[in-house]
Amino acid sequence: MHIFANPARFLQIARPLTGWCGWIGAVLVVAGLGAGLFLTPPDYLQGETVRIMYLHVPSAWLGMAGWGGIAVASIMELVWRHPLAGIAARAVALPGAVFTAICLATGSIWGRPTWGTWWEWDGRLTSMLVLLFVYIAYIALAEAEADRGGQGRIAAIFGIVGIVNLPIIHFSVLWWRTLHQGESIGLTGSTIAGSILWPLPVALLGFTLLFMAIVLMRMRTMLARQKVEARLRRMGADA
Amino acid sequence: MNQWYFVIAAYVLAGVATLALALASLVQMRKAERAAEALKRR
């Protein structure tokens, strides 16, 4: 991981990787969602609304994995002072927040015909909403710290503390048995029929690659802006 | 209540949000990298 701490070396790898992740991700997303919409049968209980799962599950995964990424990058920023770690954490925040919002919105749209309600203060839904607020708070904090010329340590500490919410989201369906169904996919298997389940890993991988491409693009943007600022400062000092 | 309306709404919402995020990231990256390159040549 230390090899990538050098921005020039990182860019050498990130430039080709952005396109590969973006294009392969887009193709897999279209294939996974297309198969989910047109090739799988409706669920015997949920009917056609089960197709929302192919969007809802990947966005939930990315919302949670995104914060996991922020926490890991924050630890690296605080412990090893990696120049890219802070940039990586800030680059993940917006896409993480967007996918958390997509998860909440698609869950709500699915809930109306299935549960009869758009929203319920259920453990899973509430902890996911808290994750969205935590993302928004992190983005605001990181921006405010950068504006004041800070080194990103406060945002990094917040990034590590915020991980407390992830096990709460994961175990919420076991701790509080309310409206959200229990775990459908575990390490040992799934309660979802294979004929309905198979496009999900395709969509999941596609969205993950697309997310990676977006994060890489945002990191490259931040690095280019830093370069511009540094050069303008040097030019100002020389004048 | 036609279930397909809910499915379509979810796909349109998620598609628009994902596409907007990806396109905005791409445009911002190109703009920032072009500015950095232009400044390097000066």
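# Notebook: a long helix against a helical chain

**B:L19.** I started in the middle of chain B and found B:L19 exposed, because its relative accessibility is 57% and exposed means over 50% (buried is under 20%, partly exposed in between, with a 1.4 Å probe and protein chains only). This residue sits in helix α1 of chain B, residues 3-41. For helices and strands I went by DSSP runs, numbered from the N terminus: H or I over at least four residues for a helix, E over at least two for a strand. I also checked a distance: B:L19 and B:Q3 are 16 residues apart along the chain, and their C-alpha atoms are separated by 24 Å.

**Ground rules.** I noted that this is a predicted model, where local features need pLDDT of at least 70 and side-chain atom pairs count only at pLDDT 80 or more, while totals for chains, interfaces and linings use all residues. Residues are numbered from 1 along each chain as its sequence is written, chains are lettered from A and ligands numbered from 1 in the order in which they are written, and side-chain values use heavy atoms, with hydrogens and water left out.

**Chain B as a whole.** I counted one helix and zero strands here. Its C-alpha trace spans about 65 × 5 × 5 Å along the principal axes. Of its 42 residues, 31% count as buried.

**Chain A as a whole.** I found eight helices and zero strands, so to speak a plain α-α-α-α-α-α-α-α when read along the sequence. The C-alpha atoms fill a box of roughly 75 × 35 × 30 Å, again along the principal axes. Buried residues make up 47% of the 239 in chain A. I then looked at contacts (heavy atoms within 4.5 Å). Among those in chain A between residues at least 6 apart in sequence, 77% join residues at least 24 apart.

**Helix α2 of chain A.** Does its length agree or disagree with what is expected? I took the expected span as 1.5 Å times one less than the number of residues. For the 28 residues of α2 (53-80) that should give 40 Å, and the end C-alpha atoms are 39 Å apart, which agrees.

**A:R81.** Next I looked just past that helix, where α2 of chain A is followed by A:R81. Its phi is positive, about 55°, although A:R81 is not a glycine. I placed the residue in the loop between α2 and α3 (83-115) of chain A. Buried or exposed? A:R81 counts as exposed, because its relative accessibility is 54%.

**Where the chains meet.** I found 25 residues of chain B in contact with 34 residues of chain A. The area buried between them is about 2,700 Å², and carbon and sulfur atoms give 78% of it. Buried area here is the accessible area (1.4 Å probe) that two parts lose on being put together, summed over both.

I also counted five residue pairs in polar contact between the chains, both residues at pLDDT 80 or more. That term means a pair of N or O atoms within 3.5 Å; within protein, one must be able to donate a hydrogen and the other to accept it, and residues adjacent in sequence count only if both atoms are side-chain atoms. The side of chain B that touches chain A divides into 18 nonpolar, four polar and three charged residues. In that sorting, Ala, Val, Leu, Ile, Met, Phe, Trp, Tyr, Cys and Pro are nonpolar, Asp, Glu, Lys and Arg are charged, and the others, Gly among them, are polar.

**Salt bridges.** How many does the structure hold over all chains? I got two, taking a salt bridge as a side-chain nitrogen of Lys or Arg within 4 Å of a carboxyl oxygen of Asp or Glu. One joins A:E48 and A:R51, at 2.8 Å from N to O, and both of these residues are buried. In the other, the side chains of B:E33 and A:R220 meet at 2.9 Å. This pair crosses between chains, from helix α1 of chain B to helix α8 (residues 199-238) of chain A. I noted A:R220 as buried, because its relative accessible area is 8%.

**A:P113.** I ended in helix α3 of chain A, where A:P113 is found. Which residues does A:P113 contact, leaving aside its neighbours within four places in sequence? They are A:T49, B:M1 and B:F6.
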